[in-house]
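Here are some questions about a protein chain, each followed by a short piece of reasoning. Please have the sequence and the structure open while reading.

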Amino acid sequence: MTGDLIRDETGTQRLIGYVLDVSQSDKSARCVLDLDDRHLNRQGMLHGGLAATLLDSAMGATGSLTVDPSGRHPFTTLALTVNYLAPGRPGQVTAAGRVTGGGRSTLFIEGTLRHQDGTLIATATGVFRKSSKVPA
């Protein structure tokens, strides 16, 4: 990863340990996590709730990139549907978002979560709304 990386910005990001990459020329944010035993369920696979969190973060930041090149303008998740397709094994996983429609304040965004070996772990669709800028 090169360019603009967001690290340790939120409590959730610090707790889970993912990095948000908002530097892609396609305006698709990417959420990258190196899986270790803290992220796995009893079956040794990526916990589904964490998979959803990675997708939500990448998709929300993708929405943010439509109005803020830093990827930091807040967006609120109105709906998120996740489809789990394959187990998330230890290694690096990357969630990415892609805007598919919407208007000035509400966007429809799709997401994918892939293992470093290319395996598609999960897909998601969501509705996101541009939030008021949070005061400093």
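Q: At its relative accessibility, does Arg38 count as buried, partly exposed or exposed, and which is the right word?
A: The model is a predicted one, and the accessibility of Arg38 is computed from it as 57%. The cut-off for the highest class is over 50%. Because its relative accessibility is 57%, Arg38 counts as exposed.

Q: Which residue forms a salt bridge with Arg38, and how far apart are the closest N and O atoms?
A: Side chains of opposite charge can pair when their charged atoms come close. The partner here is partly exposed, with a relative accessible area of 26%, whereas Arg38 is exposed. That partner is Asp36, and the closest N and O atoms of the pair are 2.8 Å apart.

Q: Which parts of the chain are linked by the salt bridge between Arg72 and Glu9?
A: The side chains of Arg72 and Glu9 meet with an N to O distance of 2.5 Å, and the two residues are 63 residues apart. Both ends are partly exposed, Arg72 with a relative accessible area of 40% and Glu9 at 41%. The pair links distant parts of the chain, namely the loop between α2 and β4, which holds Arg72, and the loop between β1 and α1, which holds Glu9.

Q: Which two strands hold the residues of the salt bridge between Arg98 and Glu110?
A: The side chains of Arg98 and Glu110 meet at 2.6 Å, N to O, and the pair ties together parts that are 12 residues apart in sequence. Arg98 is partly exposed at 49% relative accessibility, and Glu110 is partly exposed at 32%. Arg98 lies in β5 and Glu110 in β6, so the strands tied together are β5 and β6.

Q: Which element gives the largest share of the largest nonpolar core?
A: In soluble globular proteins, nonpolar side chains tend to be buried together. The largest core here has 30 residues, of which Leu54, Leu55 and Leu113 touch the most other members. At least two residues each come from β3 (30-35), α2 (48-64), β4 (75-84), β5 (91-102), β6 (106-115) and β7 (120-130). The largest share, eight residues, comes from α2.

Q: Which residues is Leu113 in contact with, leaving aside its neighbours within four places in sequence?
A: Leu113 is one of the three residues that touch the most other members of the largest nonpolar core. Leaving aside its neighbours within four places in sequence, Leu113 is in contact with Leu46, Ala51, Leu54, Leu55, Val93, Thr94, Ala95, Thr119, Leu120, Ile121 and Ala122.

Q: Which element gives the most to the lining of the largest pocket?
A: About 390 Å³ of space lies in the largest pocket. Its lining is made up of 20 residues, and those closest to its centre are Thr10, Tyr18, Leu20, Ser57 and Ala61. Two or more lining residues are given by each of α1, α2 and β4. The element that gives the most, with six residues, is α2.

Q: Where is Lys27 found?
A: Most residues other than glycine have a negative phi, and most peptide bonds are trans. Lys27, however, has a positive phi near 60°, and Lys27 is partly exposed at 47% relative accessibility. Lys27 is found in the loop between β2 (19-21) and β3.

Q: How far apart in space are Thr119 and Gly88, C-alpha to C-alpha?
A: Thr119 lies in the loop between β6 and β7 and is partly exposed, with a relative accessible area of 32%. Leaving aside its neighbours within four places in sequence, Thr119 is in contact with Ala86, Leu113 and Arg114. Thr119 and Gly88 are 31 residues apart in sequence, and their C-alpha distance in space is 8.6 Å.

Q: Which feature does UniProt place at residues 43-121?
A: The end C-alpha atoms of this span lie 15 Å apart, and the span is 22% helix and 43% strand. The name comes from an unreviewed UniProt entry, which places at residues 43-121 the feature "domain: Thioesterase".

Note on methods:
Residues numbered from 1 in each chain as written. Predicted model: local features only at pLDDT ≥ 70, side-chain atom pairs only at ≥ 80, totals over all residues. Heavy atoms only, no water. UniProt positions renumbered as here; feature names shortened; annotations may be inferred. Helix = DSSP H or I, 4+ residues; strand = E, 2+ residues; numbered from the N terminus. Core = buried A, V, L, I, M, F, W, Y, C linked by side-chain atoms within 4.5 Å. Buried < 20%, exposed > 50% of the residue type's maximum accessible area, 1.4 Å probe, protein only. Contact = heavy atoms within 4.5 Å. Salt bridge = Lys/Arg side-chain N within 4 Å of Asp/Glu carboxyl O. 1 Å grid on protein atoms, 1.4 Å probe; cavity = no way out; pocket = protein on both sides within 12 Å on 5 of 7 lines; lining within 4 Å. Points joined across faces, edges and corners; volume = space filled by probe spheres on them.
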